[in-house]
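Let us walk through this structure in two steps, beginning with the surroundings of its ligand and then turning to a pair of helices.

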Amino acid sequence: MNEDLYQSLKSRVNGEVRFDRASRLMYSTDASIYEIEPIGVVIPRTHDDVFATMEIARDFKVPVLPRGAGTSLAGQTVGDAVVIDMSKYLNRVLEVNTEERWAIVEPGVVQEQLNLHLRPMGFLFGPDTSTANRATLGGMMGNNSAGSHSIVYGKTIDHILEMDVVLSSGEGRTLREMKCEEAAARGGLEARIAELVRDNRGEIERRYPKIMRSFETESSISSNSSSAPKARSPQCIRQRSELNRGPRQQHFALCISQTLSGLSARATSSCRSNPPQSS
Ligand SMILES: Cc1cc2nc3c(=O)[nH]c(=O)nc-3n(C[C@H](O)[C@H](O)[C@H](O)COP(=O)(O)OP(=O)(O)OC[C@H]3O[C@@H](n4cnc5c(N)ncnc54)[C@H](O)[C@@H]3O)c2cc1C
């Protein structure tokens with residue numbers, strides 16, 4: 001089966017299709033403690049490659065697992081699936097609109113790469129994940145990442161306007177924030193999600209932790225890919241993200257206070273003119 005799957009992928013994907021043992025071992029770990037060998041790895045070069053991979057995986061009934069930088073800590077990017085590495089080729093900033101404060105990026109764009117691109121324009125993509133010089137926008141969306149300045153910059157979900165995704169059926173969709181009423185009126189997938197949210201709203205609200213990092217259900221019913229089961233989550237191939245307007249915060253200080261066995265350690269970073277790219 002794997003040989004047929006490999007040949008099918010090879011015949012349609014322009015990018016790399018790697019089913020050899022060395023590649024599978026390389027992709028069997030991420031930043032977590034887990035280790036699971038994938039079925040194989042696809043490294044798409046184009047958006048069509050992502051569509052082709054999803055269609056073939058659907059036909060062969062195998063799970064897929066998108067991957068950015070693989071810095072997830074809970075095993076999100078390892079699994080018995082076809083891993084799709086979005087970071088190697090799909091990593092271009094496609095458009096920046098400073099008037100309307102948005103950018104269109106491919107999912108493999110690294111946060112720091114985007115911010116270096118935006119810096120001369122006086123803008124910033126805020127959520128400052130401490131892995132910002134590795135983490136991709138696709139992975140940040142998958143994890144709803146945020147950083148130590150999340151009170152200022154919020155979480156990734158707060159800055160995503162639209163996502164072009166490929167569903168496990170192979171169908172392309174543009175997802176964006178919408179109210180349940182609008183989703184219900186659109187029918188199809190959106191209506192089904194709205195119904196799920198409506199039917200289970202009480203339970204979802206009761207069980208979700210009341211912390212700043214939880215997912216919103218009120219208005220963002222379809223804008224986060226990791227609310228779907230991991231191996232069947234939509235593949236994000238393009239996204240429109242909201243940018244923070246400059247000038248950027250002028251002073252940042254991080255204060256960590258820790259008490260251990262009666263000893264108190266206190267570290268305060270010096271004020272800096274730019275937000276830290278990593279901590
Ligand atoms: C030392 C260290 C510090 C960290 N600090 C922070 C922190 O401050 N804040 C924080 O939030 N996290 C932190 N993390 C966790 C992690 O770095 C971040 O969540 C990061 O944003 C993940 O990005 P990534 O590109 O590595 O994603 P990955 O780990 O590759 O993927 C993350 C998830 O997104 C999915 N995914 C990836 N790309 C796509 C795509 N194109 N379409 C659909 N789904 C996709 C994956 O399947 C997976 O479920 C830290 C991790 C480490 C190791």
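**The ligand shell and a helix pair**

Helix H5 provides the largest share of the shell around the ligand, contributing 5 residues. The model considered here is a predicted one, and in it H5, which spans 137-143, is joined by strand S3 (64-67) and strand S9 (235-242), each of these three elements supplying at least two residues of that shell. Of the 34 residues around the ligand, those that come nearest are Gly68, Ser72, Gly138, Gly139 and Gly142. Sorted by class, the shell consists of 20 polar, 11 nonpolar and 3 charged residues. Where does the ligand shell lie with respect to domain 1 and domain 2? Because domain 1 (2-85) and domain 2 (93-247) both give residues to the shell, it lies between them.

We turn next to the helix pair. Two packed helices are described by the angle between their axes together with the distance between those axes. For helix H1 (residues 2-12) and helix H3 (residues 47-60), the axes come within 10 Å and cross at roughly 155 degrees. Since an angle over 145 degrees counts as roughly antiparallel, H1 and H3 are therefore roughly antiparallel to each other. The crossing in which H1 passes H3 is right-handed. On the H1 side the contact is made by Leu5, Ser8, Leu9 and Arg12, and on the H3 side by Ala52, Thr53, Ile56 and Phe60. By class, the residues of this contact of H1 with H3 comprise 5 nonpolar, 2 polar and 1 charged.

Conventions: Residues numbered from 1 in each chain as written. Predicted model: local features only at pLDDT ≥ 70, side-chain atom pairs only at ≥ 80, totals over all residues. Near = placed C-beta within 6 Å. Helix = DSSP H or I, 4+ residues; strand = E, 2+ residues; numbered from the N terminus. Nonpolar A, V, L, I, M, F, W, Y, C, P; charged D, E, K, R; others polar. Domains from an automatic or database assignment. Axes fitted to C-alpha atoms, helices over the stretch in contact; angles between N-to-C directions. Parallel < 35°, antiparallel > 145°, perpendicular 65-115°, else oblique. Left-handed = near helix turned anticlockwise from the far one by under 90°. Contact = placed C-beta atoms within 7 Å.
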